[in-house]
Amino acid sequence: MSSTPRKEAQTLGHTNFACSLTPDQMADLELQTAIQQVPVKQLRTPKELADFFNGED
């Protein structure tokens, strides 16, 4: 006898439910996604650091 995916989920102790994010949670998720797409430049020397803060890039 073959069990359905729903029956298997119930067997594993899972229930079907709908979930949604609050506006704050959605904003946090969008911010995290945007941050991951920002390129990161590593400053390894004092000159690179000075150039960065002096606007020379």
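This section describes the fold, the surface and selected side-chain pairs of a predicted model.

The chain comprises three helices and zero strands, and its elements follow the order α-α-α from the N terminus. Helix α1 spans residues 5-11 and helix α2 residues 23-36, while helix α3 covers residues 46-53. Of the 57 residues in the chain, 4% count as buried. The accessible surface of the chain amounts to about 5,800 Å², and carbon and sulfur atoms account for 58% of this area.

The loop between α1 and α2 contains L21. This leucine is partly exposed, as its relative accessible area is 46%. When residues up to four places away in sequence are not counted, L21 touches M26 and L29.

Helix α3 contains the two partners of a salt bridge, K47 and D51. Their side chains meet at a distance of 2.8 Å, taken from N to O, and the count of salt bridges in the model comes to one. Because K47 and D51 are four residues apart in helix α3, about one helical turn separates them. The two partners fall into separate classes of accessibility. K47 has a relative accessible area of 56% and is therefore exposed, the cut-off for this class being over 50%. D51, by contrast, has a relative accessible area of 18% and is therefore buried, since that class lies under 20%.

Helix α3 also includes F53, which takes part in an aromatic pair with F52. The structure holds one such pair. The ring centres of F52 and F53 lie 5.2 Å apart and the ring planes stand at 85 degrees, so the arrangement is edge-to-face; planes over 60 degrees apart are assigned to this class. With regard to accessibility, F52 is partly exposed, at a relative accessible area of 49%, whereas F53 reaches 64% and counts as exposed.

Both phenylalanines also contribute to the surface of the model. Together with L43 and L49, the residues F52 and F53 make a nonpolar surface patch of about 410 Å². Residues enter such a patch if their relative accessible area is over 30%, a condition that is met by F52 at 49% and by F53 at 64%. The two rings of the edge-to-face pair are thus members of the nonpolar patch as well.

Conventions:
Residues numbered from 1 in each chain as written. Predicted model: local features only at pLDDT ≥ 70, side-chain atom pairs only at ≥ 80, totals over all residues. Heavy atoms only, no water. Patch = residues over 30% accessible without salt bridge, like charges linked within 9 Å, V, L, I, M, F, W, Y side chains within 5 Å. Areas by Shrake-Rupley, 256 points an atom, 1.4 Å probe, with all protein chains shown as cover. Salt bridge = Lys/Arg side-chain N within 4 Å of Asp/Glu carboxyl O. Helix = DSSP H or I, 4+ residues; strand = E, 2+ residues; numbered from the N terminus. Buried < 20%, exposed > 50% of the residue type's maximum accessible area, 1.4 Å probe, protein only. Phe/Tyr/Trp six-rings, centres within 6.5 Å; stacked < 30°, edge-to-face > 60°. Contact = heavy atoms within 4.5 Å.
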